[in-house]
Amino acid sequence: MLVTRNTYLLQILRLSKTATGHTTTGQVVNLLSNDVSRFDKVLMFLHYVWIMPFQTVLLTYFIWQFVGISALVGVGALFLQTVPVQGYLGKLTSKLRLKVALRTDERVRLMSEIISGIQVIKMYAWEKPFEKMVALARKHEIDVVKQASYLRGVYFSAMVFSERMTLFLTLLAYVLLGNHITPEKVFSLAQFYNIMQLTMAIFYPQAIQFAAEAKVSIKRLEDFLSLEETVAVTERTGNSKLGITISGVSASWEANSITDTLSQINLNVQPGQLCVVIGPVGAGKSSLLQAILKELPLYKGTITASSEVSYASQEPWLFVGTVRQNILFGQPYNPKRYNEVVKVCALKRDFELFANGDKTIVGERGVSLSGGQRARINLARAVYRESDVYLLDDPLSAVDTHVGKHLFEECITSYLSGKARILVTHQLQHIKYADHIVILNN
Ligand SMILES: Nc1ncnc2c1ncn2[C@@H]1O[C@H](COP(=O)(O)OP(=O)(O)OP(=O)(O)O)[C@@H](O)[C@H]1O
Ligand SMILES: [Mg+2]
C-alpha cells in the first residue's frame, strides 16, 4: 500500500497542467483516503480464496467419518448458499462501491470549493443555499451507502443463519436415513461446521467483496495514473555557464488549438544577463517561463537551461509555517545570505512590524499578510535558493513604485548580478537596464 501511495503522490507531482485542469481536488483526496486503503483489506482476506476449497474437502472428509453420506447434504447446502449467492452479492457490492466513490468525489469537491470560497459566501450571506447544496450532495452519497449497508446486513445475517441451517440439514438427513444421533456426534459436527462456515460464509465472501471493491479502486487509480504527464522537453545540464537558450520554440496549452501560446521564440540569456519580458495581459509571458520549467510541452524547438533554476510564480504561494520557513523552503539556514536576501527584498521593515519578526506564523495561503508582503516573501524564496537561472514572474506588480524600484535595483540588478535572469514585468521604466528585451504580443 505504501508503494501505491508513493506512486500516487509522485503522479500528482508529475501531472501535466492540462491534466490538472481535468482532475478535481475531491477526486484526488478520495483516491488517497479511500481507494488506496482497499489494498489493505483485500490482502487480509484474499488467501481464503484458495484456503476455502482445501478446508472444505478436509472437513467434509471428517464429517463423513461421523455421519457418512449425510455430510454431503450439509456441505452442499452451505456451498450453494455461499458461492453463487455471495458471488452475486459481491458483484452488486462492487457496483455500489463505484457509485459511492463517484458521489464522494462530488461531495468532497463541493466542500473544498466552499471552504476555499467561504469568505465570498459569508459576504453575500449565501450560507443557506450552500447548506442545502451540501445536504443534497450528502443525501445522494448516503443513499448509496445505505444500500451498501443493507447488503452488508444480508451478509451478516446469512452467516449466523447458515451454520445452524447446515447442521440441521445434516442431522435431518442422517436421522431420515434411519440412524440415531448422539451428543458425541452432534457436538463434533457443530464444531466442524463452525470452522467451515467461518471460512465459507464469512472470510470467503469478504475476500470476494473486497476483491470486487479493490478492482474498482484499481481501475480508478489506473485511470488517474495514466493521465497525461509532463514530458521533459527542456534539456537540463549541470553546466552553470550555460544560462538559457531557447531556439525556435512553439508551444500551446491545448493539443489542437488554432493559435499557439508561444510561436517561434528565440532567446539566449548568458549568465550575468538580464532579460525583461513584456507584453499585454494573456500574451504568454508566464507560459514562456512554464515552458522553461518543463510544464508546458513544446511541439517545436528546444530549450536548454542550467540544471539549477529558481522560480518565483506570478501568484504568490505560501504554506502554513513561519515567514522564515517560507523563505528557506527546506534549504539550510545561512544567516548571512538570509539577512542579505531579506534586505534586498525590502522585508526588513515588515519583519519589524510583525509581532514575532520572521518567526511569525503565516496563516493558510498567507491570509494574515498583505498582498505586497506575500509577493516579496515569494520573491525572497526564489532569490534565497542558490541557482544559475532565476525566473521571476511579475514580482513588481504588487508593490508600490518606491518598493518596486528598491526590488529592481537592489535585488534583481545588484544581488543577482552574476546570474542569468528572466524578469516578466509590466513596468516599462525598467527595460532600459535589460540586456535583452522580449516583447510578446498575440
Ligand atoms: N495552465 C494553463 N492551461 C491552459 N491554458 C493556459 C494555462 N496557463 C495559461 N494558459 C493560456 O495561455 C495564454 C497565455 O497566458 P499567460 O498566463 O502566459 O499570460 P501572461 O502573459 O502571463 O498574462 P499576465 O500578464 O496576465 O500574467 C492565455 O490565453 C491562457 O488562457
Ligand atoms: Mg502571467
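Q: What makes Ser286 and Gln314 the protein donors of the magnesium ion (ligand 2)?
A: In this predicted model, Ser286 (OG) and Gln314 (OE1) lie 1.8 to 2.1 Å from the magnesium ion. The cut-off for a donor N, O or S atom is 2.8 Å from the metal, so both atoms count. Water is not among the atoms, so the site may look incomplete.

Q: How do you know that the pair links distant parts of the chain?
A: Serine 286 belongs to helix H10 (residues 285-292), while glutamine 314 sits in the loop between strand E6 (309-312) and strand E7 (321-322). The two residues are 28 residues apart.

Q: Why is serine 286 called partly exposed?
A: Its relative accessibility is 22%. Buried would require under 20% and exposed over 50%, so serine 286 falls in between.

Q: Why does glutamine 314 count as partly exposed?
A: Glutamine 314 has 41% relative accessibility, which lies between the limits of 20% and 50% and therefore gives that class.

Q: What makes the approach of serine 286 to ligand 1 a polar contact?
A: A polar side-chain atom of serine 286 is 2.6 Å from an oxygen atom of ligand 1. The limit for a pair of N or O atoms is 3.5 Å, so the pair qualifies. Glycine 282 places a backbone N or O atom 2.8 Å from an oxygen atom of the ligand, and for a side-chain N or O atom of histidine 426 the distance is 3.2 Å. The protein buries 62% of the 630 Å² that ligand 1 exposes when taken alone.

Q: Which element gives the most to the shell around ligand 1?
A: H10 does, with three residues. The shell has 12 residues, and those that come nearest are Gly282, Lys285, Ser286, Ser287 and Gln314.

Q: Why is glutamate 213 called buried?
A: Its relative accessible area is 3%. The limit for buried is under 20%, so glutamate 213 meets it. This residue lies in helix H9 (residues 183-225).

Q: How do you know that glutamate 213 makes a polar contact with arginine 38?
A: The two side chains come to 2.3 Å, and the cut-off is 3.5 Å, so the distance condition is met. Leaving aside neighbours within four places in sequence, glutamate 213 is also in contact with residues including Thr93, Ser94 and Arg152.

Q: Which residues have the most contacts inside the largest nonpolar core?
A: They are Ile327, Cys345, Leu347, Phe351, Leu392, Leu407 and Ile412, in a core of 37 residues. H14 gives the largest share, six residues.

Technical notes
Residues are numbered from 1 along each chain as its sequence is written. Chains are lettered from A and ligands numbered from 1 in the order in which they are written. This is a predicted model: local features need pLDDT of at least 70, side-chain atom pairs count only at pLDDT 80 or more; totals for chains, interfaces and linings use all residues. Side-chain values use heavy atoms; hydrogens and water are left out. Donors are N, O and S atoms within 2.8 Å of the metal (3.2 Å for Na, K and Ca); water is not among the atoms, so sites may look incomplete. Helices (H or I, at least four residues) and strands (E, at least two) are DSSP runs, numbered from the N terminus. Buried means under 20% relative accessible area, exposed over 50%, partly exposed in between (1.4 Å probe, protein chains only). A nonpolar core is a set of buried Ala, Val, Leu, Ile, Met, Phe, Trp, Tyr and Cys residues joined through side-chain atoms within 4.5 Å. A residue is near a molecule or strand if one of its heavy atoms lies within 4 Å of it. A polar contact is a pair of N or O atoms within 3.5 Å; within protein, one must be able to donate a hydrogen and the other to accept it, and residues adjacent in sequence count only if both atoms are side-chain atoms. Accessible areas come from the Shrake-Rupley method with a 1.4 Å probe; for residues, only the protein chains shown count as cover. Contact means heavy atoms within 4.5 Å.
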